[in-house]
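Reader: I'm new to this structure and would like a close look at one loop. Please start there, keep it relaxed, and then work outwards to whatever else is worth pointing out.

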Amino acid sequence: MGIKSDDDDVKDEDVQTQSGFGSCIVIQNLPKAPEEKYEKLMGVVRTIATKLGDVRENGIYMPLDDATKTTKGFAFVEMARKEDADAALSDERFVNGYQLDKNHKLTLCRFDDFDKYAKVPDEYASPEPVAYKQPENLHSWLADKLGRDQYVMRHGDNTVVCYNDGKRSRAEVAYQREYWTESFVQWSPQGTMLATMHRQGMAVWGGPNFTRINRFSHQNVRLIDFSPNEKYILSYTSHEPVNARDSFHVLINVFDVRSGKLLRKFEGPVDEYAVGSSAGPNGALKWPVFKWAGGRDDLYFARLGRGKISIFECPSMALLGKESLKVDGVQDFEWSPVEAVLAAYSAEQGNQPARISLIKIPERTEMRQKNMLNVSDVKLYWHPQGTYLAVKVEAWTKTKKSTVTNFQIFCVKDKDVPLEVFELKNNKERVLNFAWEPKGHRFAVVHGDGPRPNISFFSMRDDKGRLGVRELKMLESRACNVISWSPQGRIIVLAGLKNFNGQLEFFNVDEMETMATAEHFMATDVEWDPTGRYVATVVSHVQQMENGVKMWSFGGRELYSAQRDKLYQFSWRPRMPSLLPPEKEAEIVKNLKQYTKRYDEEDEQLLQQADADVLQERQRALDEWKAYCESRRNYAALQLDFKRELYGPRFAEKEYTIQKVMVEQVVDQKEEPYSTK
């Protein structure tokens with residue numbers, strides 16, 4: 001298709017064929033058994049090899065010493081694929097040696113390593129120095145003089161990164177590219193990189209020119225997930241079963257983002273990973289399978305198992321404490337966004353009640369727990385600042401024909417982790433949505449059984465800062481099915497998407513008043529920018545018509561819109577967390593009026609510049625038109641002389657038009673009697 005490859009400047013790598021030794025590994029430190037015990041030892045080796053992965057037919061060879069008639073203490077194992085050999089070498093059971101018995105600790109190595117080390121020269125030769133190449137600044141977009149945020153749009157075959165210039169009510173293209181990805185793009189959590197998806201794997205891009213930082217090999221990758229601090233990236237794919245009796249096979253890779261090195265593989269049947277909340281409809285798998293612990297260190301990630309939570313530590317990628325965390329009946333868990341504390345939900349089992357536990361890692365100490373009875377369903381909602389954990393509990397009534405809903409809120413940062421329990425006025429109403437205010441102590445609940453639900457606002461503190469749930473206000477009968485808080489709090493958008501045809505209400509929770517109402521017909525998504533200054537509403541390709549984006553101020557004023565056919569994706573570029581302590585941020589907010597005059601002057605200059613840009617564009621268009629007319633003036637004069645010579649004396653006649661006129665004339669007319677017979 002005439003598309004230049006990013007790999008044109010990369011030398012072709014040596015391809016390992018199936019007849020080579022890339023898939024062959026060596027098991028060392030085996031017992032030296034006599035010939036009569038050869039078959040018994042071979043059975044042990046065969047058992048160990050099958051634990052490592054798929055082995056080729058007749059792919060195990062254990063040599064025998066002709067002189068002593070005993071085995072030589074090692075065996076060759078040929079895996080089905082090179083990837084299987086890579087996974088076997090990183091298997092945590094063999095990394096520090098596999099204890100076969102009291103005297104034999106087995107280790108693994110690649111067969112090719114012998115040839116590689118044999119080629120090491122006896123004399124040291126210093127490598128040639130490589131000239132230092134200045135890398136691109138991955139945070140250059142944060143230094144924008146106007147403080148603008150970026151977003152990415154993917155429509156048709158095009159991917160476009162734009163600056164949102166809300167003050168001048170326009171978007172400015174920062175970078176665009178055709179056929180950049182084969183499925184979707186994804187920002188890293190701090191906005192440093194943009195990941196693109198390809199059949200061969202993933203690539204990450206960054207800097208002002210979006211140059212490629214690294215690439216990761218994973219055939220037919222479908223989904224990815226970054227760690228919070230962008231040190232690691234997980235990729236997922238699944239393979240269809242060979243026959244009807246088998247299940248889908250899952251493969252999840254863990255890569256180091258900077259080096260591109262594969263650190264760990266997780267693979268197996270989908271049933272092994274689709275457990276509890278990780279299981280979707282019809283036994284499918286919900287992504288992400290692994291969840292990262294909060295904080296800025298990327299220390300732990302974990303997945304759900306049957307009756308356990310497997311927690312892995314970084315950078316070793318080994319199981320924490322060499323064993324999983326045993327939690328009977330566990331169905332779901334969530335990490336705190338700011339620290340290594342996880343909340344786990346265990347379902348009822350026999351006489352054991354359902355249970356919510358707060359567990360601190362790596363100590364595995366239980367900070368708080370709560371037992372519950374007759375539980376139908378549970379949802380966990382961490383506050384973005386990790387101060388609270390809200391647990392929505394749907395419990396069966398005595399008749400088992402209906403459920404009632406209550407909320408149990410753990411105050412994680414308070415001494416002894418106190419628990420607050422509250423119910424809605426009508427606890428039999430359905431709870432459609434729940435959302436914490438990102439900064440503060442308030443939360444919103446969408447509830448009701450009718451087509452137009454109610455929205456209630458609550459606070460975890462009273463006016464004096466004392467702990468206790470209190471209702472602030474209830475908005476009745478709203479066309480709303482999605483609530484979206486500003487990242488700075490205070491402002492919330494009550495959106496009626498899809499079936500509600502894009503009804504929008506911009507609500508100020510501080511003043512408890514509606515600032516504006518608007519409509520974006522057929523809108524499917526609402527996305528706040530990271531600063532809370534602007535909000536975008538999107539009509540994606542889910543709708544057949546009117547695909548595009550509308551940009552609004554936080555107060556509900558429409559700034560500009562952009563229509564894009566086949567709009568597949570819209571995503572704001574995240575910002576890095578603030579390095580200022582909360583006290584300093586509060587001080588800045590308190591003294592914000594001191595800076596208002598300066599910023600108002602800058603805004604006025606921007607508006608004047610925008611007006612000047614419009615006038616300049618109009619003048620440019622007028623000048624182009626005048627230049628065109630001037631360039632055609634000689635041609636018009638020549639054409640006039642040619643007509644004068646061609647028409648001769650008739651050239652002086654005025655222009656005329658010929659019209660055809662139709663006239664009706666009666667030739668004859670007579671009257672005759674009319675008879676119906």
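Author: Glu 230 is in the loop that runs between β13 (223-226) and β14 (232-239). Strands here are DSSP runs of E with at least two residues, helices are runs of H or I with at least four, and both are numbered from the N terminus. Bear in mind that this is a predicted model, where local features need pLDDT of at least 70 and side-chain atom pairs count only at pLDDT 80 or more, while totals for chains, interfaces and linings use all residues. Residues are numbered from 1 along each chain as its sequence is written, and side-chain values use heavy atoms, with hydrogens and water left out.

Back to the loop. Glu 230 isn't a glycine, yet its phi is positive, at about 65°. For background, most residues other than glycine have a negative phi, and most peptide bonds are trans. Glu 230 counts as buried because its relative accessibility is 9%, and buried means under 20% relative accessible area, with exposed over 50% and partly exposed in between (1.4 Å probe, protein chains only).

Who keeps Glu 230 company? Gln 190 is one residue that touches Glu 230. Gln 190 comes from another loop, the one between β9 (185-187) and β10 (194-198). Leaving out residues up to four places away in sequence, Gln 190 also touches Trp 141, Pro 228, Asn 229, Pro 574, Arg 575, Met 576 and Pro 577, where touching means heavy atoms within 4.5 Å. The side chain of Gln 190 has a polar contact of 3.0 Å with the side chain of Asn 229. A polar contact is a pair of N or O atoms within 3.5 Å; within protein, one must be able to donate a hydrogen and the other to accept it, and residues adjacent in sequence count only if both atoms are side-chain atoms. Gln 190 has a relative accessible area of 12%, so Gln 190 is buried too.

Asp 416 also has a positive phi, near 65°, without being a glycine. Here the setting is the loop between β28 and β29, and Asp 416 counts as exposed because its relative accessibility is 64%. Lys 413 is found between β28 (403-411) and β29 (419-423) as well. With a relative accessible area of 48%, Lys 413 is partly exposed. Its side chain makes a polar contact of 3.2 Å with that of Glu 339. Lys 413 and Thr 387 are 26 residues apart along the chain, but their C-alpha atoms are separated by 5.4 Å. Besides Glu 339 and Thr 387, Lys 413 touches Val 338, Gln 385 and Gly 386, not counting residues up to four places away in sequence.

Next comes Arg 461, in strand β32 (residues 454-461). Arg 461 is buried, as its relative accessible area is 16%. Its side chain reaches the side chain of Tyr 388 through a polar contact of 3.1 Å. Other residues that Arg 461 touches include Asp 414, His 441 and Arg 470.

Asn 547 belongs to the loop between β39 (534-539) and β40 (548-553). It has a relative accessible area of 7%, so Asn 547 is buried. A polar atom of the Asn 547 side chain lies 3.0 Å from the backbone oxygen of Ser 540.

Two peptide bonds deserve a glance. Trp 287 and Pro 288 are joined by a cis peptide bond, with omega about 5°, and Pro 288 is in the loop between α5 (270-273) and β17 (291-292). Ile 361 and Pro 362 are joined by a cis bond too, with omega about 10°; Pro 362 is in the loop between β24 (354-360) and β25 (365-372).

Now zoom out. An automatic or database domain assignment sets the domain bounds, dividing the chain into domain 1 (24-119) and domain 2 (181-326). The contact between them takes 5 residues from domain 1 and 7 from domain 2. Taken over C-alpha atoms, the centres of the two domains are 30 Å apart.
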